[in-house]
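Got a viewer open and a few minutes to spare? Load the model below and follow along, one selection at a time.

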Amino acid sequence: MITASFGQIFAAAQADVMRRDAETGYKGPRPERGMASMMRIALAALAALMIGPAMAQAQQGPLRIEITDGVIEPLPYALPTFVAETGDAGQMANDITRVIAADLSGTGLFREIPESAHIQRFGAFDMPVSYPDWQAINAQALIVGGVSMQGGKVVVKFRLFDIYSGQQLGDGQQLAASPASWRRLAHKVADVIYSRVTGESGYFDSRVVFVSETGPKDARQKRLAVADYDGANIQYLTDSSTIVLAPRFSPDGGRVLYTTFETGFPRIKMLDTRNVAATLLPEIPGTMTFAPRFSPDGGSIVYSMEQGGNTDLWTMGVSGGSPSRLTNSPAIETAPSYSPDGSRIVFESDRSGTQQLYIMSAGGGEPTRISFGEGRYGTPVWSPRGDLIAFTKQHAGRFHIGVMRTDGSEERLLTASFLDEGPTWSPNGRVIMFTRESPGAAGGAQLFSVDISGRNLKKVDGVGAASDPAWSPLLP
Amino acid sequence: MDRADKIGTGVSAVLHLGVIAWVLLGGSWFKPKPSEPIVMQEVSVISEAEFSAMVAAAPKASETPVAEMPAQPQPQPVEQPAPEEAPVPEPQPQPMPEPVAEPEPQPDMSDLEPVEPAEVTEVPPSMMPPVEVPQDTTTPDFSARPVPKPAPRVAPKPAEAPAPDAKVSELAEPETRPEESAEPEQVIEEPKEEAAPPEATTEIVTEATETEEVAKTSAPASSARPRTKPAKPAPAPTETAAAKPAAATKPAEAKPATDAVNDALAEAMAEEAQGTGGTGRAASGPPVTAGEKEALIVDVKACWNVGALSSEALRTTVTLRVAMNPDGKPDIGSIEMVGYEGGSDAAARQAYEAGRRAIVRCGSDGFPLPAEKYDHWREIEIVFNPEKMRMK
């Protein structure tokens, strides 16, 4: 404010006199300069009286406001069917466009503007964009692409435009693959678009390994299967001769750990997804091993081992070696999951009397309990970003999938149903997939996914009855 | 009536009122609860003969439970359909062995070739062809870009140039003029250095280019219409141009009184302006009211969509500055991020884009701002703080 104007000016005038004295080295009285000084001070005071009020009214600088809440709605985008640049690419262009749209709209973060509403039509990939036409239909992003068949390969090129800034968002890109992999091409395009708009990496070009289930509840047959994240391209990895449980991808997506009952007791097997060859991991005779998971570097696994009626956590090198114990308590410790940096492990234990979540160092040691809410907590999984832990919670006869910070704070329940369990994170840590089982004799397990905001809960189509999903990393 | 009578009357009145109040209210307050009405059970008397007749009829009851039993078997037939339902997907298990034997043809991921960004970017998409503006008719000869003014230091020719505008700096004038009596060439050169800088430009014009264009630079007559909004370069250059000659021409000794006032004013102004980063231009008229600010906030937040923001961007607060046109519409080209906190560069960029979209979308029809207070909102800083929008 300007309230100090007069004082400041008066002081400034006095200071000016003193400064001049200092400059000239004058220290004595100044009879002949007294008048001048007084004059200056008087003038300064006058100026203050005249200008002060005017300045008090004036507002300096820009008007400043703060917006603390806005709206949460999907970002409207336009995706004209990609231009077929060669005569034989028409169907492929259409299919690829539809998969991209399904990927983007399926996140719940984007909303496609139907092609019938488009004003500008793209007859060629290089046509200039008429931004007003897209603003008129409230499109905020526009994706333009072209598809061609060249030398037996599908070639896709695309550009992304920010309509309201009237410019291209990032560079255009071109991808090529065999026609059989056209869905991966579409997923890759969608990943790039998602990443440029949201600022975080995508998760569309990824796969999910899960337990495919058939048959009635009391005689269910289970086998391992892998599919695209959206349920397409399902492939079976094992037959249904033995029960299999809890598959987990390796960090590079090339191997899968799972629990099998082929010996009559739970044992851990590792399967190479490239040749579908599975091998039993070594074990101590007379024990049962289950709930395995890779370390972030893929070099070792952590798992539960039951020995003499007590279950503890152990770790072992992937290529063999003697297992080493991580916990040693009479309680049941299971469902271990590494932090992304591999330094800590979160797991569930009933050492407090009920099933709760604990964190300890990756090398073992005294665990710290992090869950303190009502009910029981289980199957914790550390987020790829490292900031959250997803879990299953059972409380008041219902099951929930929830997330909490790694110190147990900010617990949020994302779902609620008769039976939700077994969360797994998308590669970018934005989405959680889990198993939802419906009640009744005819009920079955299905895969569902939900955004970590709790929105966009939806079923994963195309995989039928399924449970125990585990998301792969983004494919190369 | 003496005092004693009054007191007596008063006490009597109070007591009477009390009694009346007790009768009216106390009765209902202290009334005992009415006892619950006694419920009478009607009983009919039957004769012994009737009773024995009823007992004789009793054996029939043993048959009823038998009749109820069949109800339980029923659920079993109901369960039967369930196994039958399941066999529908059952056919699958039969060909089960296949997957094991057949090494799963992993989708040939190897053939997905890496990104080749270069090919697409070669033709940067452009806006629609610009509309042809007939403005060229007025400026056929000149380039739209202003021709740099002659810099006398470079061109030693005295010329007439200094005469018209050279007195921009009042302080310099007394010194420059007196010397004019001497030789024109050198006398003019000196004052130029002191007084002319405000006229000088950042470009040095050589003698070669200077000669003809100098005569032609009657810019105002044919200046082209500004193409886009000039990115407000005006204030800064004029300020520095005006301030410099004053400082340069008169070191310290001139007028102490005005000096002191100037200093004090400058100090006061600086203090006033600090923290706002303002343009230094004093606004006039009453300030924008809280209600008017609120209307602006409501308008902007309606378009601030954070739905597609990453969780990190939702932890980032960004401050955007935008220059406004008098009609309440934002100058799109002027929107800039002046600061952010709480996130990475990438997150800030996403948050900036979301804020920018909000300004552009809702500003396209003009913000509800009072035109008479334009000086107060010619520039707006908007802080987008997504604290309330975070996932909780």
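What follows is a walk through a few stops, with something to select at each one. Keep in mind throughout that this is a predicted model.

**Stop 1: a sheet built from both chains**

Start with strand 1 of chain A (63-67) and strand 2 of chain B (336-341). Both belong to an open sheet of 4 strands, ordered 1(A)-3(B)-1(B)-2(B), and the pairing in this sheet is mixed. Why does each of your two selected strands have one side without a neighbour in the sheet? They stand at the edges with a single partner strand each, so one side of each is left free of neighbours there. Going from one strand to the next, the twist averages 20°.

Now add strands 1 (317-323) and 3 (379-384) of chain B, which pair antiparallel over 6 bridges. For a handle on the register, pick B:V318 and look across to its bridge partner in strand 3, B:F384.

Next, bring in helix 16 of chain B, residues 345-363. This helix packs on the sheet and touches strands 1, 2 and 3 of chain B, with its direction at about 40° to that of strand 1 of chain B. Then show helix 15 of chain B (290-301), which lies across strand 1 of chain A together with strand 3 of chain B. Against strand 1 of chain A, helix 15 runs at about 50°.

While chain B is on screen, zoom out for the overall picture: 17 helices and 3 strands. Of its 392 residues, 18% count as buried. Take the contacts in chain B between residues at least 6 apart in sequence: 81% of them join residues at least 24 apart.

**Stop 2: strand 5 of chain A and its partners**

Hop over to chain A and select strand 5, residues 141-150. Is this strand mostly covered or mostly open? Mostly covered: 8 of its 10 residues are buried.

Now add its partners:

- Strand 2 of chain A (75-78) pairs with strand 5 in the parallel sense over 2 bridges, and A:A78 has A:L142 as its bridge partner.
- Strand 3 of chain A (83-84) also runs parallel to strand 5, joined by 2 bridges; here A:V83 stands opposite A:G146.
- Strand 6 of chain A (153-162) is antiparallel to strand 5, with 10 bridges between them, and A:G145 sits opposite A:F158.

Strands 5 and 6 make a hairpin with 2 residues between them. Click on A:G151 in the turn, where phi is positive at about 60°.

**Stop 3: into the core**

The largest nonpolar core holds 146 residues. Select the members that touch the most others: A:Y77, A:I96, A:A141, A:L142, A:V189, A:I432 and B:A351. Then centre on A:V189. Leaving aside residues up to four places away in sequence, A:V189 touches A:I100, A:V156, A:F158 and A:L175.

**Stop 4: two crossing helices**

From A:V189, show helices 3 (90-106) and 5 (182-198) of chain A, whose axes come within 8 Å and cross at roughly 45°. The two are therefore oblique to each other, and their crossing is right-handed. To see the contact face, select A:M92, A:D95, A:I96, A:V99, A:I100, A:D103 and A:L104 on helix 3. Across from them on helix 5, the residues they meet include A:W182, A:L185, A:A186, A:V189, A:A190 and A:I193.

**Stop 5: an enclosed strand**

Pick strand 32 of chain A, residues 466-471. How many of its 6 residues are buried? The count is 6 of the 6, so this strand is largely enclosed by the rest of the structure. Strand 9 of chain A (207-214) runs antiparallel to strand 32, with 4 bridges joining the two, and A:S212 stands opposite A:A466.

**Stop 6: an antiparallel sheet and two positive phi values**

Show strands 24, 25, 26 and 27 of chain A: in that order they form an open, antiparallel sheet. Strand 24 (376-382) and strand 27 (412-413) stand at the edges. Strand 26 (398-405) is joined to strand 27 by 2 bridges, and A:V403 faces A:R412.

In the loop between strands 26 and 27, click on A:E410. Phi of A:E410 is near 50°, positive in a residue other than glycine. A:E410 is exposed, with 12 other C-beta atoms within 10 Å.

Last selection: A:A291, in strand 16 of chain A (288-294). Its phi is near 50° too, again a positive value in a residue other than glycine. Here, though, 25 C-beta neighbours lie inside 10 Å, and A:A291 counts as buried.

Terms used:
Residues are numbered from 1 along each chain as its sequence is written. Chains are lettered from A and ligands numbered from 1 in the order in which they are written. This is a predicted model: local features need pLDDT of at least 70, side-chain atom pairs count only at pLDDT 80 or more; totals for chains, interfaces and linings use all residues. Two strands pair if DSSP finds at least two bridges between them. Axes are lines fitted to C-alpha atoms, for helices over the stretch in contact, and angles run from 0 to 180 degrees between N-to-C directions. Two residues are in contact if their C-beta atoms, placed from the backbone, lie within 7 Å. A nonpolar core is a set of buried Ala, Val, Leu, Ile, Met, Phe, Trp, Tyr and Cys residues joined through C-beta atoms within 7 Å. A residue is buried if 20 or more other C-beta atoms lie within 10 Å of its own, exposed if 12 or fewer, and partly exposed in between; C-beta atoms are placed from the backbone. Angles under 35 degrees count as roughly parallel, over 145 as roughly antiparallel, 65 to 115 as roughly perpendicular and the rest as oblique. A crossing is left-handed if the near helix is turned anticlockwise from the far one by less than a right angle, and right-handed if clockwise.
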